[in-house]
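Biologist: Could you take a close look at the salt bridges for me? I'd like to know which side chains pair up and how they sit at the surface.

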Amino acid sequence: MNNTATTNTPCPTVRKQIGKTTYIVRVHFSEIAKETMEDKIKRLLREEVRKM
């Protein structure tokens with residue numbers, strides 16, 4: 001299932017080289033997300049600490 005919006009605007013990319021391998025990551029955000037990126041990171045950190 002693909003929930004990404006299809007637009008003609010280029011999404012930001014991050015390029016990182018580790019050894020001889022180059023990783024290219026395309027960044028996109030859902031326009032219908034119910035939480036901010038900050039809220040999501042906090043939630044992920046809380047869950048990770050809870051597991052420890």
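Modeller: Sure. There are three salt bridges in this structure, and keep in mind that the model is a predicted one.

Let's start with E35. Its partner is R43, and the closest N and O atoms of that pair are 2.8 Å apart. How buried or exposed is E35? E35 has a relative accessible area of 32%, so it counts as partly exposed. R43 comes out at 27%, which makes R43 partly exposed too, because that class covers whatever lies between the 20% limit for buried and the 50% limit for exposed.

R43 has another contact to look at. E47 also forms a salt bridge with R43, with 3.7 Å between the closest N and O atoms. That value still counts, because the cut-off for a salt bridge is 4 Å. Where do E47 and R43 sit? Both are in helix α1, four residues apart, or about one turn of the helix. E47 has a relative accessibility of 30%, so E47 is classed as partly exposed. Put the two contacts of R43 together and you get one network: E35, R43 and E47 are joined through salt bridges that share partners.

Then there's the pair E38 and K42, whose side chains meet in a salt bridge at 3.2 Å, N to O. Helix α1 spans residues 37-51, and E38 and K42 both lie in it. Their spacing is four residues, again about one turn of the helix. K42 is partly exposed, with a relative accessible area of 41%.

While we're on the surface, here's a nonpolar counterpart. Which residues make the nonpolar surface patch? V14, I18, Y23 and V25 do, and the patch has an area of about 380 Å². Strands β1 (13-18) and β2 (21-26) are the elements that each give two or more residues to the patch. One of the patch residues, V14, belongs to strand β1. V14 has a relative accessibility of 47%, so V14 counts as partly exposed. That value also fits the patch rule, because patch residues need over 30% relative accessible area.

So, back to your request: the R43 contacts tie E35 and E47 into one network, and E38 pairs with K42 in helix α1.

Terms used:
Residues are numbered from 1 along each chain as its sequence is written. This is a predicted model: local features need pLDDT of at least 70, side-chain atom pairs count only at pLDDT 80 or more; totals for chains, interfaces and linings use all residues. Side-chain values use heavy atoms; hydrogens and water are left out. Buried means under 20% relative accessible area, exposed over 50%, partly exposed in between (1.4 Å probe, protein chains only). Patches are made of residues with over 30% relative accessible area and no salt bridge: like charges are joined within 9 Å, nonpolar side chains (Val, Leu, Ile, Met, Phe, Trp, Tyr) within 5 Å. Accessible areas come from the Shrake-Rupley method with a 1.4 Å probe; for residues, only the protein chains shown count as cover.
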